[in-house]
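Work through the exercises below with the structure open. Try each task before reading its solution.

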Amino acid sequence: MSEHFAKPRTTAVILAGGTGQRVGLSIPKQLLKIAGKAVIEHTLTTFEQADSIDDIIVLMAPGYVPDVEKIVAKAGFTKVTRIIEGGSTRNETTERAISALGEGLAEGEDRNVLFHDAVRPLLSERVINDCVTALERFQAVDVAIPSADTIIVTRTHGDDGEFITEIPDRSRLRRGQTPQAFKLSTIRRAYEVAANDPNFQATDDCSVVLKYLPDVPIHVVAGDEYNMKVTQPVDVFIADKLFQLASTAAPEQADEEAYRLLLTGKTVVVFGGSYGIGKDIAELAEGYGAKTYALGRSTTGTHVENPEEVDDALSTAYAETGRIDYVINTAGVLRIGKLAETDNATIEEALKVNYLAPVQIARSSYKYLAETKGQLLLYTSSSYTRGRAEYSLYSSTKAAMVNLTQALSDEWAGDGIRVNCINPERTATPMRTKAFGQEPTGSLLSSEAVARTSLDVLVSELTGHVIDVRQQDPTAGAGQASGFEAALASVLDRQDGVA
């Protein structure tokens, strides 16, 4: 048997036939924008980036295929091979997908197929990979999570309303999600048998296999709580907030030669480069062949809160090297205290340095970064998810950095400029020492570790992401948490007194 037959291709089928009526929209809910992108674009991005997925087919609501074609073209999704109209029901849509998947297959050839709701944009790559791995042993796979709620079975008695008839054992109950994964031959056979049933109807595909192919076991893969389905108006709000809070794992560190290849001849401008993280980034980049400008109040006399000095620094770097590839701002001030007892000068300093300066740096950097398709890198704090007492100025300006990152990454995407934000755990920097004094050895990240992760982000293709740098993971130099687990950890850290 050839290798092609031994290892079947894996196709993701994105089911996007919903109309959005329950959300009160005039357009399908999968085209609604959440966190700056259409819901379906978030979903497609996850499958595009999943190494275990070979190609993608989209089944779109009738009349809206051109909308998805535009999204795919703009985002550059190379795995999307077909966008076709779905049917009037979920079952009809699946049947159209099965028919499309069967075209061109040799006799006896099979493939893996994952059916996923387009309106589940928070799917993790972990779940995708688990489904594909499970298909090595099983013909049908579902994704589910335990039910935290007690489930009741009711019956309506006339005008008296509903009454409980049964309360199933919650320990055995699961809430189904997608994707649902199958061998193509299995799901095709299930629908062929179902076609002989005049009363056939089903809301998902595993139930079709369960009913019409009862001898086929359906394996269950653990899902994720945040793999939610955007169905009700409140779901739109929740999903948007989850995207806002979610952080991303840093890319894998390149080897020394890769750093040199990616950075040699590039120009890196670092505001806040006098000491700490900024100084370490500049030194690392320079060591790999970049021309770096480490700018700071105490070394070059550069005041980030002064727009003219920012403009002068950037124009000088451009005049001397003919390009600016990366602009980084690590400058910041940490002032702790009750707002009612804070004087005007302190408030003004915090707003100028922590908020207005990054805004000015971004605005001044735009023309240079558009020319090189470069990147702007900003910094936030774990307190951005929710401000704490006596940190009102610092926390609110750091939250603004996340919003600024997400807004500019969307605004500048057409220009090829990437914008990201680093969210370090407590880090040993002069700014922190000044605020808190000496802290126990080993309780803080090193500025060098944060700088190394920052460099990884600079040479990556990421944009619009908040990248957590954490200490817990012993397998990485700085330790990286990822996704929504990192967002949760950030909240818990804040309760333990992390600034």
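**Exercise 1: two tilted pairs**

Y366 has a relative accessibility of 30%, so Y366 counts as partly exposed; the class lies between buried (under 20% relative accessible area) and exposed (over 50%), with a 1.4 Å probe and protein chains only. The model is predicted: local features need pLDDT of at least 70, side-chain atom pairs count only at pLDDT 80 or more, and totals for chains, interfaces and linings use all residues. Residues are numbered from 1 along each chain as its sequence is written, and side-chain values use heavy atoms, leaving out hydrogens and water.

Task: Classify the aromatic pair of Y318 and Y368, then the exposure of each ring's residue.

Solution.
- Start with the count: the structure holds six aromatic pairs. Rings of Phe, Tyr and Trp (its six-membered ring) pair if their centres lie within 6.5 Å; planes under 30 degrees apart are stacked, over 60 edge-to-face, the rest tilted.
- The ring centres of Y318 and Y368 are 5.2 Å apart and the planes stand at 45 degrees, so this pair is tilted.
- Y318 sits in helix α11 (residues 307-321) and Y368 in helix α12 (residues 344-372), 50 residues apart, so to the pair falls the linking of distant parts of the chain. Helices (H or I, at least four residues) and strands (E, at least two) are DSSP runs, numbered from the N terminus.
- Y318 is partly exposed at 28% relative accessibility. Y368 is buried at 10%.

Task: Do the same for Y366 and W412.

Solution.
- The pair is tilted, with 5.3 Å centre to centre and 50 degrees between the planes.
- Y366 belongs to helix α12, and W412 to the loop between α13 (392-411) and β16 (418-424), 46 residues apart.
- W412 is buried, at 6% relative accessibility.

**Exercise 2: the open sheet**

Task: Which strands stand at the edges of the seven-stranded sheet?

Solution.
- The order is β5-β4-β1-β6-β10-β7-β11, with mixed pairing. Two strands pair if DSSP finds at least two bridges between them.
- β5 (80-85) and β11 (218-222) each have a single partner strand, so one side of each lacks a neighbour in the sheet.
- Inside the order, β1 (residues 10-16) and β4 (residues 55-60) run parallel, joined by six bridges. A12 has I56 as its bridge partner in β4.

**Exercise 3: charges over rings**

Task: Which ring faces lie under K291 and R388?

Solution.
- The criterion: NZ of Lys or CZ of Arg within 6 Å of the ring centre and within 35 degrees of the ring normal.
- K291 lies over the face of Y293, 5.4 Å from the ring centre.
- R388 lies over the face of Y391, at 4.2 Å.
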